[in-house]
Amino acid sequence: MSAALDWQKSSFSGGDDNQDCIELAEADGQILLRESDAPGTIITTDRTKLRAFLLGVKAGEFDHLVG
């Protein structure tokens, strides 16, 4: 992973660059996640696991954690 990563954040984070949010990037077939206010801590997963998580989010399975 020596090349610069193209980190992407959700449009729901707002347009201000100072908004803290979760960012995602792809490298070597892996999905990388980090918080913008702690960019040195990176979680690595794969597309299958991320897809399962996102489907759970869309289905409301984690709503109790943010309510």
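**Figure 1. Asp-28, an exposed residue in a loop.** Let's start with Asp-28 in this predicted model. Its relative accessibility comes to 69%, so Asp-28 counts as exposed, the cut-off being over 50%. You'll find Asp-28 in the loop that links strand S2 (22-27) and strand S3. Have a look at its backbone too: phi of Asp-28 is near 55°, which is a positive value in a residue that isn't glycine.

**Figure 2. Arg-34 and Glu-23, joined through their side chains.** Here we zoom in on two strands. Arg-34 belongs to strand S3, which covers residues 30-35, and Glu-23 belongs to strand S2. The two side chains make a polar contact with each other at 2.6 Å. Are these two residues buried or exposed? Arg-34 has a relative accessible area of 17%, and because buried means under 20%, Arg-34 is buried. Glu-23 has a relative accessibility of 13%, so by that cut-off of under 20% Glu-23 is buried as well.

**Figure 3. The neighbours around Arg-34 and Glu-23.** Now for the surroundings, leaving out residues up to four places away in sequence. Arg-34 is in contact with Trp-7, Cys-21, Ile-22, Glu-23, Pro-39, Thr-41 and Ile-42. Glu-23, for its part, touches Trp-7, Gln-8, Lys-9, Leu-32, Leu-33, Arg-34 and Ser-36. Trp-7 turns up in both lists.

**Figure 4. Lys-9 beside Glu-23.** Stay with Glu-23 and bring in Lys-9, a residue of strand S1. How many residues apart along the chain are Lys-9 and Glu-23? They are 14 residues apart, while their C-alpha atoms are separated by 4.5 Å. Lys-9 has a relative accessibility of 26%, which lies between the 20% and 50% cut-offs, so Lys-9 counts as partly exposed. Glu-23, at 13%, counts as buried.

**Figure 5. Helix H1 from start to finish.** This view follows H1, which has 12 residues (47-58). At the start of H1, a side-chain oxygen of Asp-46 reaches to within 3.1 Å of the backbone nitrogen of Thr-48. Does the span of H1 agree or disagree with 1.5 Å a residue? The expected span is 16 Å, and the end C-alpha atoms of H1 are 16 Å apart, so the two agree. After H1 comes Gly-60, with a positive phi near 85°.

**Figure 6. The largest pocket and its lining.** The largest pocket has a volume of about 660 Å³. It is lined by 21 residues, and those closest to its centre are Leu-24, Leu-33, Leu-50, Phe-53 and Leu-54. Strand S1 (8-9), S2, S3 and H1 each give two or more residues to the lining. Which element gives the most? That's H1, with 7 residues. On the helix side, here's a handy rule: an α-helix has 3.6 residues a turn, so residues three or four places apart point the same way.

**Figure 7. Stepping back to the whole chain.** Finally, let's fit the close-ups together. The chain has 1 helix and 4 strands, and from the N terminus on, the order is β-β-β-β-α. Of its 67 residues, 19% count as buried, and Arg-34 is one of the buried residues. The chain exposes about 5400 Å², with carbon and sulfur atoms supplying 52% of that area. Among contacts with a separation of 6 or more, 13% come from residues 24 or more positions apart.

Methods:
Residues are numbered from 1 along each chain as its sequence is written. This is a predicted model: local features need pLDDT of at least 70, side-chain atom pairs count only at pLDDT 80 or more; totals for chains, interfaces and linings use all residues. Side-chain values use heavy atoms; hydrogens and water are left out. Buried means under 20% relative accessible area, exposed over 50%, partly exposed in between (1.4 Å probe, protein chains only). A polar contact is a pair of N or O atoms within 3.5 Å; within protein, one must be able to donate a hydrogen and the other to accept it, and residues adjacent in sequence count only if both atoms are side-chain atoms. Contact means heavy atoms within 4.5 Å. The expected span of a helix is 1.5 Å times one less than its number of residues. Accessible areas come from the Shrake-Rupley method with a 1.4 Å probe; for residues, only the protein chains shown count as cover. On a 1 Å grid over the protein atoms alone, a cavity is a set of points where a 1.4 Å probe fits but cannot get out, and a pocket is an open set with protein on both sides within 12 Å along at least five of seven lines; lining residues have an atom within 4 Å of a point. Grid points are joined across faces, edges and corners, and a volume is the space filled by probe spheres set on the points.
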